[in-house]
Amino acid sequence: MQASTMKMPVAVVRLPRGPDGTSRGFDPSSPRFQALGPSSLFSKVTANAAELEREQQGRVALRERYLRSLLAMVGRPVSFTMYEKVSVTALFGASDIDVLNFQVSELQTPLGVQKEAVLRCSDIVAYSFEL
Amino acid sequence: MTAWQKKTPLEWLTYVNKEVGVLAAEKHKYQGWVLTVDPVSANILLAHPLENGKMSISAVLGHAVQDVEILTEADDEMKEKLAHLFMPEEMRRCSQEELERKKTSLKDWLETNHIPVKEKGESQTTLCVAGVLTIDPPYRPEDCSSSNEIILSRVQGLIQGYLALQQCQI
């Protein structure tokens, strides 16, 4: 039996809560939003429908450009300026929808090259790449 | 949350196409033309033309932004350049008739696959699938937008198959 060969019990690591099945993380009442999301989707103009429409259109235009920039960044070397004067470069892979984490490859750290890594956006001050 | 993160999309829009100086955490300073401000993370995306004709793109993360100062406004040439930086190039090359032909052909093909599709938009150029997904010109898999990623990947897969089929016929 497999169970008899396991001498040490393995501690259960509690992972951060992922998005629940139905929400995309933007619903202010979703557990993910409350746990992680800065409420940048805060709207001041909910009372006026026309004004809200205008705001939503603005939001769409801004978001689309940002998402396209992330697409353009895929596979390119990107240099990240982190807090505490840390500067690293890596090949950009992907971002999650609420821009909380970046997945990168070939991360050049002062200690060596990390093949695959996830960078927390809360640790990053800025990033740049050439187009 | 900082004052910058609390701004509304309409306030962020006033910074787009302006040359700004950004003061970020730990006294980092950035300068460039504002391409966009991500409404989710408040990240500012800046473009900075380089001498070799390339563009340097930098982004300052929303949580690290301390102050944004508007320096100058872009002229029309610069605005055009900024607007097309991340846009697919094919979009500008296709002629009206060609786009119309592509649209009708894709629409017919989707309909033969029992996918409900309608035309919408100001000049009926956008295809709308089941009311939850739009396909903009020039109607490639990457021109699909939907908030439902499952439908998005299905339809993108279908369009991929349709394009592959067309390649075979040529």
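**Exercise 1. Describe the order of helices and strands along chain A.**

Solution. Read along the sequence, chain A of this predicted model runs α-α-α-β-β-β-β-β, which amounts to 3 helices and 5 strands. Here helices (H or I, at least four residues) and strands (E, at least two) are DSSP runs, numbered from the N terminus. As for the conventions, residues are numbered from 1 along each chain as its sequence is written, while chains are lettered from A and ligands numbered from 1 in the order in which they are written. Because the model is predicted, local features need pLDDT of at least 70 and side-chain atom pairs count only at pLDDT 80 or more, whereas totals for chains, interfaces and linings use all residues; side-chain values use heavy atoms, with hydrogens and water left out.

**Exercise 2. Find how F92(A), F102(A) and Y127(A) are arranged, and decide whether each is buried or exposed.**

Solution. Start with the rule: rings of Phe, Tyr and Trp (its six-membered ring) pair if their centres lie within 6.5 Å, and planes under 30 degrees apart count as stacked, over 60 as edge-to-face and the rest as tilted. The search of the whole structure gives 7 aromatic pairs over all chains. In one of them, the ring centres of F92(A) and F102(A) are 5.2 Å apart and the planes stand at 80°, so this pair is edge-to-face. The pair links distant parts of the chain, since F92(A) belongs to strand 2 (residues 86-95) and F102(A) to strand 3 (residues 101-109) of chain A, 10 residues apart.

Next, F102(A) also forms an edge-to-face pair with Y127(A), with 5.5 Å from centre to centre and 80° between the planes. This second pair connects strand 3 with strand 5 (residues 124-130) of chain A, its two residues being 25 residues apart.

Finally, apply the burial rule: buried means under 20% relative accessible area, exposed over 50%, and partly exposed in between (1.4 Å probe, protein chains only). F92(A), at 4% relative accessibility, is therefore buried, F102(A) at 0% is buried, and Y127(A) at 2% is buried too. Together with F80(A), these three residues form one aromatic cluster.

**Exercise 3. Work out where the salt bridge of R68(A) and E64(A) lies, and how accessible each partner is.**

Solution. A salt bridge is a side-chain nitrogen of Lys or Arg within 4 Å of a carboxyl oxygen of Asp or Glu, and the count comes to 12 salt bridges over all chains. The side chains of R68(A) and E64(A) meet at 3.0 Å, N to O. Both residues lie in helix 3 (residues 49-73) of chain A, 4 residues apart, about one turn of the helix. With a relative accessible area of 16%, R68(A) is buried, whereas E64(A), at 33%, counts as partly exposed.

**Exercise 4. Locate E26(B) and H114(B), and state what their phi values are.**

Solution. Most residues other than glycine have a negative phi, and most peptide bonds are trans. E26(B), although not a glycine, has a positive phi of about 55°; this residue lies in the loop between strand 1 (18-24) and strand 2 (29-37) of chain B, and is partly exposed at 35%. H114(B), likewise not a glycine, has a positive phi of about 60°; H114(B) sits in the loop between helix 5 (96-112) and strand 6 (117-120) of chain B, and is exposed, with a relative accessible area of 73%.
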